[in-house]
Structure formats: structure tokens, C-alpha cells
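The following exercises concern the sequence and the three-dimensional model shown below. Each task is followed by a solution that proceeds step by step.

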Amino acid sequence: MPRTASDPLRAPDPGLFGPASVTWQVHSDPMMWIAGIRALYLQALHPRAVRGVMQNSDFRRDAWGRLMRTASFVGTTTYGTTEAAEDAGARVRKIHAMLSATDPGTGERYGVDEPELLLWVHCAEIDSYLHIARRSGIRMPDALADRYVREHRESARLVGLDPGEVPGSTGELAAYFRGVRGELAAGDGARAVDDFLRRPPTPPLLVPARALVWRRVAGLAYASLPPYAHRLYGRAAPPPATVTRRLVLTGTLLRTVPSRIRWQLPPKHILRAMARLGPGSRPAPYKLHRRDAILDGPGRAQRGDGGDGARWRTPG
């Protein structure tokens, strides 16, 4: 007789990644919010990709909704059950299949689910999550960074990509960015994203908070982009060493907020995963450190992400 989902003898479903994955630990870090903003900046530099967003939504009115939907998708695919992750992927594929965009210069109409566009969005996200995590102080040796990129062939599959055509290591990810760089430009769509992220619509009472907090956060996300992105946007950034120090300081401050408080924000993906799998599934980036001495030496220079070939050291 088949067991039901409520059968106590059935092993709980760890989902697509599970507590033993690099993804499970890294995505619990509060710096992922800054990484998400960096991903938006990077994604907007692909004219065909950002055109698909601009022509199918009111970005300025729905930018927060888009950010939250992306965060919810990442939370569900990371910490949800396998069924929940597959359902989330199916919804994304269904929506993308119905949308298209038009190139104003050529009149060409194309689907937003073209593999090259899905691949750009995927790589910009994974690159940003990994870059911000490592550069803000999470010690992740190269072997674990490669494993993180490889794990996300699974999330690429969910949105409709062939996992075999998706970068599976940091080296392959860097090679991808080198290959696609000639297609990037800061057109009208990128300018609109930049304008929104620098000055998002804010109720009058919150304008001081926007100036004090949001501009610093968005500015740090922008500063962490590779140099070629700064050149395309036409705005300079502080020296890399200064950006790294600020990322480490910000990460250190955010990580002092107890995780149980941070994880209370709806829809509580992590708390629900821990309730399903038990306290041993509690995610924490420090769990990655246990393998650090085996897989990599301390203080080793880490490769800058975004395909720029830059190198930097995390202080400490």
C-alpha cells in the first residue's frame, strides 16, 4: 500500500538541493538581498533580455513585486519540497512561453524564453550570489564555489534550460561572460533600471530613509559590478579594495541580526524547511568553513566574478 505524504515512516523530502548542498548554506545569508540588486544591474545590460521585461510589465510600478517574486522563487527552489520547486519552475516556464518582445530597430519579434536570454538571466543571478557571498566575507574555497555553480544547473533546468548547456564551474561561468560581453550595452532599459534603483518611488515620510539606507545598499550593489559594467553604465565606482571592505563590513553587521529574526519574514521558507527536516538542517554559511582547510588554503586570493578577470582579497 503506498505511503501518503503524511506517513511518519516516509523520509522528509529535502528538496532539489538539501542541507548538504552549498546552496542551502549560502542562500540563508542576508547579503543575498544585495546580491539580488547586483543581479538586476547586470541583467539589465543585455538589451534583448531587459527589453522583454520592459515591454511586458510596468517595471517602475512593479519593480518591488519583481524583486519579491524572484526572492520567493529562489527561496522555494532552495528550501521547498521537490514538488514545490517543480511547480514553481512550471509556472515560470508557462508565463515565459506566453511573452514576447519586439526589437524597435529591426522589428524582429522574439520570445522571452529564448535559451540565450534565459541563460543570461541565470548566469547573472548565480554570478551575483556567489560574488557577493565570497567578497563579503564568507570563506568559500574554489572547489565549493565550483560546486555551487554546478548545483545551479538544476535551477537552470527549472526555467527551461538544458543543464548540459549551462556553466558548471566558476571557470566556465567566467568564460561565458567573456563570450557574451560584446552583446552588452546600457540602452534605455538599463537606464530605466539604474534610475529606479538609485531613486525608487518612495512615500514622503520614507524619503530620508531612502537617502540614508537604500542609496547605500543600491550603491554598494552597483560598486560590486565588474569594471566593464561600470564603463557601460558610465558611472565610476570606488577602488575594488574599498568596495570589498564595505561589503565585508555590511555583511558583518547584517549577520549580527539573529537568524531566527531574519527568517520570520514571510513566507518563512527556511523555518518551514527546518520544521520539515529537523534542527540539523539549519543553514549557516559557517558550515562551509569546516571544509576550507582541506579544499583551499586560508587567505587565498579569490577570482573576481562577472568575467572581468579581476582578483581581490577578502580582508582578514
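**Exercise 1. An enclosed helix**

Helix 2 is largely enclosed by the rest of the structure, because 11 of its 12 residues are buried. Here, buried means under 20% relative accessible area, exposed over 50%, and partly exposed in between (1.4 Å probe, protein chains only). Helices (H or I, at least four residues) and strands (E, at least two) are DSSP runs numbered from the N terminus.

The model is predicted: local features need pLDDT of at least 70 and side-chain atom pairs count only at pLDDT 80 or more, while totals for chains, interfaces and linings use all residues. Residues are numbered from 1 along each chain as its sequence is written, and side-chain values use heavy atoms, with hydrogens and water left out.

Task: State which residues of helix 2 are buried, and compare the reach of helix 2 with the expected span.

Solution.
- Step 1. The buried residues are Met32, Ile34, Ala35, Gly36, Ile37, Arg38, Ala39, Leu40, Tyr41, Leu42 and Gln43.
- Step 2. The expected span is 1.5 Å times one less than the number of residues.
- Step 3. From first to last C-alpha, helix 2 reaches 16 Å, close to the 16 Å expected for its 12 residues.

**Exercise 2. The loop before helix 2**

Task: Describe the surroundings of Ser28 and the salt bridge of Asp29.

Solution.
- Step 1. Ser28 is located in the loop between helix 1 (22–26) and helix 2 (32–43). Its relative accessible area is 6%, so Ser28 is buried.
- Step 2. A contact requires heavy atoms within 4.5 Å. Leaving aside residues up to four places away in sequence, Ser28 touches Tyr79, Arg262, Trp263, Ile270, Pro283, Ala284 and Pro285.
- Step 3. A salt bridge is a side-chain nitrogen of Lys or Arg within 4 Å of a carboxyl oxygen of Asp or Glu. Asp29 forms one with Arg255, with the closest N and O atoms 2.7 Å apart. The two partners are 226 residues apart: Asp29 is in the loop between helix 1 and helix 2, and Arg255 is in the loop between helix 13 (240–254) and helix 14.
- Step 4. Asp29 is buried at 4% relative accessible area, whereas Arg255 is partly exposed at 28%.

**Exercise 3. Two further salt bridges**

Task: How many salt bridges does a search of the whole structure find? Contrast the pair Asp103 and Arg51 with the pair Glu154 and Arg157.

Solution.
- Step 1. The search finds 13 salt bridges.
- Step 2. The side chains of Asp103 and Arg51 meet at 3.9 Å, N to O. This pair links distant parts of the chain, 52 residues apart: Asp103 is in the loop between strand 1 (100–102) and strand 2 (109–111), and Arg51 is in helix 3 (residues 47–54). Asp103 counts as buried at 15% relative accessibility, as does Arg51 at 16%.
- Step 3. For Glu154 and Arg157, the closest N and O atoms are 2.8 Å apart. Both residues lie in helix 8 (residues 153–158), three residues apart, about one turn of the helix. Glu154 is partly exposed at 26% relative accessible area, and Arg157 is partly exposed at 26%.

**Exercise 4. Aromatic pairs and nonpolar cores**

Task: Classify the pair Trp24 and Tyr79 by its ring geometry, then identify the members of the largest nonpolar core that touch the most others.

Solution.
- Step 1. Rings of Phe, Tyr and Trp (its six-membered ring) pair if their centres lie within 6.5 Å; planes under 30 degrees apart count as stacked, over 60 as edge-to-face and the rest as tilted. The whole structure yields seven aromatic pairs.
- Step 2. Trp24 and Tyr79 are edge-to-face, at 4.8 Å centre to centre and 70° between the planes. Trp24 in helix 1 and Tyr79 in helix 4 (residues 59–79) are 55 residues apart. Both Trp24 and Tyr79 are buried.
- Step 3. A nonpolar core is a set of buried Ala, Val, Leu, Ile, Met, Phe, Trp, Tyr and Cys residues joined through side-chain atoms within 4.5 Å. In the largest core, of 69 residues, Phe177 and Tyr233 touch the most other members. Helix 6 (residues 115–135) supplies the largest share of this core, 11 residues.
- Step 4. Another core, of seven residues, lies apart from it and includes Tyr79, Trp263, Leu271 and Met274.
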